[in-house]
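Here's a quick tour of a protein model, meant to be read with the picture open beside you. We'll go from the overall fold down to a few single residues.

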Amino acid sequence: MKTTNILLILLFISVTAAAQPPQNRTEPMQALDFLKGIWKGSGWIMGKETRIPLASAELVQGKLNGNALLVEGIHRGRSLSGEQGAVLFEALALVTYDPETETYSWRSATSEGRGGNFEAKVVGEEILHWGQENSFRYIITIDENGRWYETGERTRDGGKTWHQFFEMTLEKQE
């Protein structure tokens, strides 16, 4: 009988603990609201020897009661076979906030099979950095005209020098 009572008490404690509301991630995620919307514009990415012009679009939506941000990008340009408007690459990211570590996470995947889990930082108002320290970084800024301006840079010397490989400027669509 004692064993049954102890098991019932442990079960009650575990059910009660599981029923506690999760920590609120919504408030820190509101700092990323400036990214939400449909964005379209142009840019470029470095090929082997030259810049490849892009027509780019980003769809950014809040998900999971404001606890996540879904970022979907599609980038078109001239394919290797010369086809104009071909999809060159697509990217998908899920951005979340961990209240225990007080950090944002940028989990990404691309149509080329690249991706990973990277730290993201809100730097001032309407500026987001994400990437892998001493390897590559992306900087997203909303400029003075309300446009999404993003650059991608990489380093091969531990962060002493950075070389730009990507840029795009997008306008918010209504």
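Let's start with one strand pair: E3 and E4 run antiparallel and are joined by 10 bridges. Keep in mind that this is a predicted model. E3 and E4 belong to a bigger arrangement, a closed barrel of 10 strands.

**The overall fold**
- Counting the pieces gives 2 helices and 10 strands.
- If you walk along the sequence, you meet them in the order α-α-β-β-β-β-β-β-β-β-β-β.
- The barrel goes E1-E2-E3-E4-E5-E6-E7-E8-E9-E10, and its pairing is antiparallel.
- Going from one strand to the next, the twist averages 25°.
- The protein has 174 residues, and 30% of them count as buried.
- Its accessible surface is about 11,400 Å², with 52% of that belonging to carbon and sulfur atoms.
- Take the contacts between residues at least 6 apart in sequence: 33% of these join residues at least 24 apart.

**Strand partners**
- Across the E3 and E4 pair, you can spot Gly77 standing opposite Ala86 in E4.
- E4 also pairs with E5, again in the antiparallel sense, over 8 bridges.
- In that pair, Ala91 sits opposite Thr110 in E5.
- E4 and E5 make a hairpin with 4 residues between them, and Glu102 in the turn has a positive phi of about 55°.
- Further along, E7 and E8 pair over 6 bridges, antiparallel once more.
- Look for Gln132 there, which stands opposite Phe136 in E8.

**The nonpolar core**
- In soluble globular proteins, nonpolar side chains tend to be buried together.
- The largest nonpolar core here has 28 residues, and those with the most contacts inside it are Leu32, Leu35, Trp106, Leu128, Trp130 and Trp148.
- Many strands chip in: E2, E3, E4, E5, E6, E7, E8 and E10 each give two or more residues to this core.
- Which residues does Trp148 touch, if you don't count those up to four places away in sequence? Among them are Leu35, Trp39, Val60, Ile140, Ile142, Met168 and Leu170, and the list also includes Glu58, Thr141 and Thr169.

**A close-up of Gly37**
- Gly37 is in strand E1, which covers residues 37-46.
- Is Gly37 buried or exposed? Its relative accessible area is 19%, so Gly37 counts as buried, because the cut-off is under 20%.
- Gly37 and Glu58 are 21 residues apart in sequence, yet their C-alpha atoms are 8.0 Å apart in space.
- Setting aside neighbours within four places in sequence, Gly37 is in contact with Glu58, Leu59, Val60 and Lys172.

**Two loop residues with positive phi**
- Most residues other than glycine have a negative phi, so a positive one is worth a look.
- Leu64 isn't a glycine, but its phi is positive, at about 55°.
- You'll find Leu64 in the loop between strand E2 (51-63) and strand E3 (68-77).
- Leu64 counts as exposed because its relative accessibility is 62%, and the cut-off is over 50%.
- Asn134 is another residue other than glycine with a positive phi, near 60°.
- Asn134 lies in the loop between strand E7 (127-132) and strand E8 (136-142).
- With 42% relative accessibility, Asn134 is partly exposed.

Key:
Residues numbered from 1 in each chain as written. Predicted model: local features only at pLDDT ≥ 70, side-chain atom pairs only at ≥ 80, totals over all residues. Heavy atoms only, no water. Buried < 20%, exposed > 50% of the residue type's maximum accessible area, 1.4 Å probe, protein only. Contact = heavy atoms within 4.5 Å. Core = buried A, V, L, I, M, F, W, Y, C linked by side-chain atoms within 4.5 Å. Pairing = 2+ DSSP bridges. Axes fitted to C-alpha atoms, helices over the stretch in contact; angles between N-to-C directions. Areas by Shrake-Rupley, 256 points an atom, 1.4 Å probe, with all protein chains shown as cover.
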